[in-house]
Amino acid sequence: MEVLLRDGPHDGRTVTGGGETVTAGGCLYERTGERVPRRGRGMLVFVHRPDCCEPHGGGTEDRCE
Ligand SMILES: [Zn+2]
């Protein structure tokens, strides 16, 4: 299924995934309880983990790699 990514380098992007976490371009996103209306059904929202990019000094604008 497709999920929506929020915050981080991939904000607003949708990826195929599920479970508790998904990765996108080396970034780790974790599941929230939230759904947004998309394509007639609710799409799960995954939020960028705050400990993903920040410890690398890249901030939220840079990619993790
Ligand atoms: Zn990241």
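The paragraphs below lead through a predicted model of one chain, from its overall make-up to its sheet, its core and a few single residues.

Residues are numbered from 1 along each chain as its sequence is written. Because this is a predicted model, local features need a pLDDT of at least 70 and side-chain atom pairs count only at pLDDT 80 or more, whereas totals for chains, interfaces and linings use all residues, and side-chain values use heavy atoms, with hydrogens and water left out. The pLDDT, which is the predictor's confidence in each residue on a scale from 0 to 100, averages 85 over the chain, and 82% of the residues score at least 70. Confidence is highest in strand β1 (residues 2-6), at a mean of 95, and lowest in helix α1 (residues 50-53), at 86.

The chain has one helix and five strands, where helices (H or I, at least four residues) and strands (E, at least two) are DSSP runs numbered from the N terminus. Read from the N terminus on, these elements follow the order β-β-β-β-β-α.

The five strands form an open sheet with the order β2-β1-β5-β4-β3 and mixed pairing, two strands being paired if DSSP finds at least two bridges between them. Because β2 and β3 stand at the edges with a single partner strand each, one side of each is left without a neighbour in the sheet. From one strand to the next the twist averages 45°, with axes taken as lines fitted to C-alpha atoms (for helices over the stretch in contact) and angles running from 0 to 180 degrees between N-to-C directions. Strands of a sheet pair through backbone hydrogen bonds, either parallel or antiparallel, and both senses can be followed here, since the pairing is mixed.

Starting from the β3 edge, β3 and β4 run antiparallel and are joined by four bridges. Within this pair, valine 22 stands opposite tyrosine 29 in β4, and threonine 23 has leucine 28 in β4 as its bridge partner. The hairpin of β3 and β4 has two residues between the strands, and in it glycine 25 takes a positive phi near 55°. Further along the sheet, β4 and β5 pair over seven bridges, again in the antiparallel sense; arginine 35 stands opposite leucine 44 in β5, and arginine 38 has arginine 41 in β5 as its bridge partner. These two strands also form a hairpin with two residues between them, where arginine 39 in the turn has a positive phi of about 50°. The pairing of β1 with β5, by contrast, is parallel and consists of three bridges, with valine 45 in β5 as the bridge partner of leucine 4.

Buried residues, meaning those under 20% relative accessible area (exposed is over 50% and partly exposed lies in between, with a 1.4 Å probe and protein chains only), make up 29% of the 65 residues in the chain. In soluble globular proteins, nonpolar side chains tend to be buried together. The largest nonpolar core, a set of buried Ala, Val, Leu, Ile, Met, Phe, Trp, Tyr and Cys residues joined through side-chain atoms within 4.5 Å, holds eleven residues: Val3, Leu5, Val15, Val22, Ala24, Cys27, Tyr29, Leu44, Phe46, Cys52 and Cys53. Two or more of these residues come from each of β1, β3 (21-24), β4 (27-38), β5 and α1.

One member of this core, Val15, lies in strand β2 (residues 14-16) and is buried, with a relative accessible area of 10%. Leaving aside residues up to four places away in sequence, valine 15 touches Met1, Glu2, Val3, Leu5, Val22 and Ala24, contact meaning heavy atoms within 4.5 Å. Between valine 15 and methionine 1, which are 14 residues apart in sequence, the C-alpha to C-alpha separation is 8.2 Å.

Histidine 48, in strand β5 (residues 41-48), is likewise buried, with a relative accessible area of 8%. Beyond four places in sequence, histidine 48 touches Arg6, Asp7, Gly8, Pro9, Cys27, Leu28, Tyr29 and Cys53. Of these, aspartate 7 is found in the loop between β1 and β2, counts as partly exposed at 40% relative accessibility, and has a positive phi of about 70° although it is not a glycine.
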